[in-house]
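Welcome! Please open the structure in your viewer, and let's walk through it one selection at a time.

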Amino acid sequence: MNKLTEAPGHIPHTGHPRKGFFTDTSICIGCKACEVACKEWNRNPHDSEFELLESSYDNTGSLGADTWRHVAFIEQDREHIDKARESGRALVSLGMPGIGPPGAPAAAGSSPDVDTTPPDTPDFRWLMSSDVCKHCTNAGCLDVCPTGALFRTEHGTVVVQDDVCNGCGTCVAGCPFGVIERRSDGTAGVKGQRDFTPGEQAPTRNVGVAQKCTLCYDRMVDGQTPACAQACPTTSIKYGEREQMVSTAKERVAELHAQGLTEARLYGANDADGVGGTGSVFLLLDEPEVYGLPPDPRVPTADLPRMFKRAGLAAAGMLAAAAAAFLVGGRP
């Protein structure tokens, strides 16, 4: 918790461990089972005509108010694969992280006992990644919400209360990842609360309300696995205590590095980044920008203390100048 940016009242201290995701993109097959499971469980409306985009074998394009899990399809030729491997090798040479088997101490460079010769590089590959809300440690959307519609759960996740959101859209600008979105423009109006009927298109709910992944909070409170992780056939999406997820992610990176896949790197596992680390940790096979992720995310409210200090100093200076002008001007 960042005491300077996030109100303490937003974080209940109940003793529950923080939960989160670890998405291993190296074993994602792009089946979109997670997308379907998410929509079915959360009764989210479809947001496309199921036609493939011109840029990819994808029909949803990005995360949004109606799509809380999105699988990206990224084509790479040999040149891009080699560049990804070289950029990853540069990170390894900095010791972030070291190459070696799981459990081995991190090293600044390659271990002499591990064969890090890159495998035969294919001429073409797909990078597939199931993106989701990051459930940031310092959540910009939660910081700027004026109604308290967004709150931090006892499991450390960030959830929108549909009946409290007024549809102002402030949270949309506060998210450095572009995840949260209003279901439609205009003032919030909760509509169509009829439950899903098989074979029928359910009416759109929460029109005008900010919507995003809840990490299946309604399932978590009953001890169930989130729908996307439950449906993933390759276990690319893993769910559990965040501390364990980060540990598992680091072991997986070390395993891939030992195989010569130096392009493997983690995203969201650094607690010293601009959002204090994320609840959704990703293993990537290229730079974050390739996946449409910001390379250095930063919560917008991080600079508020400095801004307030400078504004206070400026105001004090103006008052002093006005007082001096009044005193000097009042002399005979």
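**Stop one: a helix and its neighbours**

Start with helix α1, whose buried residues pack against β2 (69–77), β3 (124–132), α6 (227–231) and β8. Keep in mind as you look around that this is a predicted model. To pick out α1 itself, select residues 33–42; the buried ones there are Cys34, Glu35, Ala37, Cys38, Lys39 and Asn42. Now step just past the end of the helix: α1 is followed by Arg43, which has a positive phi, near 55 degrees.

**Stop two: the open sheet**

You have already met β8 as a packing partner of α1. Next, show the sheet to which β8 belongs: four strands in the order β8-β1-β10-β9, open and with mixed pairing. Which strands stand at the edges? They are β8 (237–241) and β9 (265–267); each has a single partner strand, so one side of each is left without a neighbour in the sheet. Follow the sheet across and you will see a twist that averages 20 degrees from one strand to the next.

Zoom in on β9 and select β10, residues 280–284, along with it: the two strands pair in the antiparallel sense over three bridges. Within this pair, find Leu266, which stands opposite Leu283 in β10.

**Stop three: Ala254**

Finally, select helix α7, residues 242–258, and look for Ala254 in it. Is Ala254 buried or exposed? Its relative accessibility is 10%, and buried means under 20%, so Ala254 counts as buried. Then add Arg265, eleven residues from Ala254 along the chain: the C-alpha atoms of the two are separated by 9.3 Å.

Definitions and conventions
Residues are numbered from 1 along each chain as its sequence is written. This is a predicted model: local features need pLDDT of at least 70, side-chain atom pairs count only at pLDDT 80 or more; totals for chains, interfaces and linings use all residues. Side-chain values use heavy atoms; hydrogens and water are left out. Two strands pair if DSSP finds at least two bridges between them. Axes are lines fitted to C-alpha atoms, for helices over the stretch in contact, and angles run from 0 to 180 degrees between N-to-C directions. Buried means under 20% relative accessible area, exposed over 50%, partly exposed in between (1.4 Å probe, protein chains only). Contact means heavy atoms within 4.5 Å.
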